[in-house]
Amino acid sequence: MATKDRLGRRLIQLYVGLALYGASSALLVEAGLGLEPWNVLHQGLAELTGLTIGVVSIIVGAAVLLLWIPLRQRPGLGTVSNVFVVGLAMDGTLTLVPEVHALAVRIPLLLAGILLNGVATGLYISARFGPGPRDGLMTGLHRRTGRSIRLMRTAIEVAVVATGFALGGTLGIGTVLYAVSIGPLAQLFLRVFDVPAASDGSTVVAEGQPRGAILRP
């Protein structure tokens, strides 16, 4: 029964965390003061194609997941769920939240989005169902090239931010604030929501990742 309870808690954490991640990203979009790196790219592609940012997020996530094949990465339930749940939650939240223009509202919206993103990150990573597709790309390149995770992550995020900004994605103070605060926030909530690993090793994917890296959908 204890094992079933643990699995149930992990599943709840996974899907609540992914849904909240999408919602938090939508709040950053509504604030209009700067997005996290990958959503700068998603927003730029959305402007180019006319698709919603959530749909673009799903398409990009699926494309990145295909890159796992030559890198010999193994996706988990969380990896596949990540592709769809975050994008759907983002579009759903953008539909529900009214547009705001006053800076006095946009700044609290930005701060709420960053804080909620930290909570969501702690929830879904602690569930231990595998990294998001974009972070799997980072760790896969690290293993294949022998370069550090820090270097791979920096190179990937610089590339996606530059491309997204060139396409019309929002880059601003929110991007900088997100970059400096998401690490401490995620580490805090990783401790809050941590689920002890099952002793029999069942259904656990990507052990050791939660403490070693901040994973993003």
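I count a residue as buried under 20% relative accessible area, exposed over 50% and partly exposed in between, with a 1.4 Å probe and protein chains only.

**Ground rules**

I am working on a predicted model, where local features need pLDDT of at least 70 and side-chain atom pairs count only at pLDDT 80 or more, while totals for chains, interfaces and linings use all residues. Residues are numbered from 1 along each chain as its sequence is written, and side-chain values use heavy atoms, with hydrogens and water left out.

**Entry 1: the whole chain**

I took secondary structure from DSSP runs, numbered from the N terminus: helices are H or I with at least four residues, strands are E with at least two. The protein chain comes to ten helices and zero strands. Along the sequence I read α-α-α-α-α-α-α-α-α-α. The protein chain has 217 residues, and 49% of them are buried.

Next I looked at contacts, meaning heavy atoms within 4.5 Å. I took the contacts in the protein chain with a separation of 6 or more; residues 24 or more positions apart account for 82% of them.

**Entry 2: two loop arginines**

I checked phi at Arg-72 and found it near 60 degrees, a positive value in a residue other than glycine. Arg-72 sits in the loop between helix H4 (68–71) and helix H5 (77–96). Is Arg-72 buried or exposed? Its relative accessibility is 74%, so Arg-72 counts as exposed.

Arg-128 is not a glycine either, and its phi is positive at about 60 degrees. I located Arg-128 in the loop between helix H6 (103–126) and helix H7 (133–145). With 13% relative accessibility, Arg-128 counts as buried.

**Entry 3: H2 against H3**

I fitted axes as lines to C-alpha atoms, for helices over the stretch in contact, with angles from 0 to 180 degrees between N-to-C directions. Helix H2 (residues 37–49) packs on helix H3 (residues 53–66) at about 115 degrees, and the axes are 9 Å apart.

Which residues meet here? From H2 I list Trp-38, Asn-39, His-42, Gln-43, Leu-45, Ala-46 and Thr-49; from H3, Ile-53, Val-56, Ser-57, Val-60 and Val-64. By class, I find seven nonpolar, five polar and no charged residues in this contact. For the classes, Ala, Val, Leu, Ile, Met, Phe, Trp, Tyr, Cys and Pro count as nonpolar, Asp, Glu, Lys and Arg as charged, and the others, Gly among them, as polar.

I then checked the burial of H3. Its buried residues are Ile-53, Gly-54, Val-56, Ser-57, Ile-58, Val-60, Gly-61 and Val-64. Leu-66 also lies in helix H3, but Leu-66 counts as exposed at 56% relative accessibility. From Leu-66 to Leu-137 I get 9.7 Å, C-alpha to C-alpha, across 71 residues of sequence.

**Entry 4: helix spans and kinks**

I took the expected span of a helix as 1.5 Å times one less than its number of residues. H3 has 14 residues and reaches 20 Å from its first C-alpha to its last, close to the 20 Å expected. The 20 residues of H5 should span 28 Å, and its end C-alpha atoms are 28 Å apart, which agrees. For the 21 residues of helix H9 (residues 173–193), 30 Å is expected; the end C-alpha atoms are 29 Å apart, which agrees.

I took the bend at a residue as the angle between axes fitted to the seven residues ending there and the seven starting there. H5 has a kink of about 30 degrees, centred on Val-83. Val-83 is one of the buried residues of H5, which include Asn-82 and Val-86. In H9 the kink is about 40 degrees and lies at Ser-181, shortly before the proline Pro-184. Ser-181 is among the buried residues of H9, as are Tyr-178 and Ile-182.

**Entry 5: Gly-174 and Glu-36**

I placed Gly-174 in helix H9. Gly-174 counts as buried, with 1% relative accessibility. What does Gly-174 contact, leaving aside neighbours within four places in sequence? I find Leu-33, Gly-34, Leu-110 and Ile-114. The C-alpha atoms of Gly-174 and Ala-31 are separated by 8.7 Å, with their positions 143 residues apart along the chain.

Glu-36 is in the loop between helix H1 (2–31) and H2. I read a relative accessible area of 3%, so Glu-36 is buried. Not counting residues up to four places away in sequence, Glu-36 touches Tyr-21, Ser-25, Leu-28, Asn-117 and Tyr-178.
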